[in-house]
Amino acid sequence: MEQLKTFTDVLKNIIIGVLVFVTVFFVVYANIKATEAERQTLLAEMNLKLAKENEEKAKLEEQKAAEQAALATIEAQNARKLEQELENCKK
């Protein structure tokens, strides 16, 4: 009877040990995953900041392109006027 009690106690201790090991494993695993999640969050925030900066730069470039197109149109009109004046002078 005493051997059965000792065996039961040993079995309980083994089960408790395995459960402690599993618990420690999952705590460490959760900590690692939390660290990875924090790093991914930081990277996502940095990428969002870069995306916003690039969006602002693109808007400025679009505005510059529109201004350049307007200037080119004005220059083309001026060139046509000069051509007409030249033609008128030749007549």
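Which residue forms a salt bridge with Lys64? It's Glu61, and the closest N and O atoms of the two are 3.8 Å apart. Before I go on, a reminder that what you're looking at is a predicted model.

Okay, let's stay with the charged pairs for a bit. Side chains of opposite charge can pair when their charged atoms come close. In this structure there are 3 salt bridges, so we can walk through each of them, given that the cut-off is a nitrogen to oxygen distance within 4 Å.

Back to Lys64 and Glu61. These two sit 3 residues apart in helix 1, so about one helical turn separates them. How much of each is accessible? Lys64 has a relative accessible area of 47%, which makes it partly exposed. Glu61 comes in at 48%, so Glu61 is partly exposed as well.

Next, Lys59 and Glu55. Their side chains meet in a salt bridge, at 3.9 Å from N to O. Both residues are in helix 1, and here the spacing is 4 residues, again about one turn of the helix. Is Lys59 buried or exposed? It counts as exposed, because its relative accessibility is 51% and the line for exposed is drawn at over 50%. Its partner Glu55, at 45%, counts as partly exposed.

And then Glu36 with Lys33. The closest N and O atoms in that salt bridge are 3.5 Å apart. They're 3 residues apart in helix 1, so once more we have about one helical turn between partners. Glu36 is partly exposed at 33% relative accessibility, and Lys33 is partly exposed too, with 37%.

Right, on to the greasy side of things. Which residues make up the nonpolar surface patch? They are Val10, Ile14, Val18, Phe21, Val22, Phe25, Phe26 and Tyr29, and together they give a patch of about 790 Å².

Let me pick out a few of those. Phe21 lies in helix 1, which covers residues 2-90. Phe21 counts as exposed, because its relative accessibility is 60%. Val10 is in helix 1 as well, but with a relative accessible area of 42% Val10 is partly exposed. If you want a feel for distances here, take Val10 and Leu43: they're 33 residues apart in sequence, and their C-alpha atoms are 49 Å apart in space.

Now the rings. How many aromatic pairs turn up in a search of the whole structure? The search finds 2. One is Phe25 with Phe26: the ring centres are 5.3 Å apart and the planes are at 70°, so that pair is edge-to-face. Then there's Phe25 with Tyr29, where the centres are 6.2 Å apart and the planes are at 15°, so that pair is stacked.

Why are Phe25 and Tyr29 about one helical turn apart? Because they're 4 residues apart in helix 1. As for accessibility, Phe25 is partly exposed at 46%, and Tyr29 is partly exposed at 42%.

Put those ring pairs together and you get a cluster linking Phe25, Phe26 and Tyr29. If you have the structure open, have a look at those three, since they're also on the list for the nonpolar patch.

So, to wrap up: we've got 3 salt bridges, a nonpolar surface patch of about 790 Å², and a ring cluster of Phe25, Phe26 and Tyr29. That's me done, thanks.

Notes. Residues are numbered from 1 along each chain as its sequence is written. This is a predicted model: local features need pLDDT of at least 70, side-chain atom pairs count only at pLDDT 80 or more; totals for chains, interfaces and linings use all residues. Side-chain values use heavy atoms; hydrogens and water are left out. Patches are made of residues with over 30% relative accessible area and no salt bridge: like charges are joined within 9 Å, nonpolar side chains (Val, Leu, Ile, Met, Phe, Trp, Tyr) within 5 Å. Accessible areas come from the Shrake-Rupley method with a 1.4 Å probe; for residues, only the protein chains shown count as cover. Buried means under 20% relative accessible area, exposed over 50%, partly exposed in between (1.4 Å probe, protein chains only). Rings of Phe, Tyr and Trp (its six-membered ring) pair if their centres lie within 6.5 Å; planes under 30 degrees apart count as stacked, over 60 as edge-to-face and the rest as tilted.
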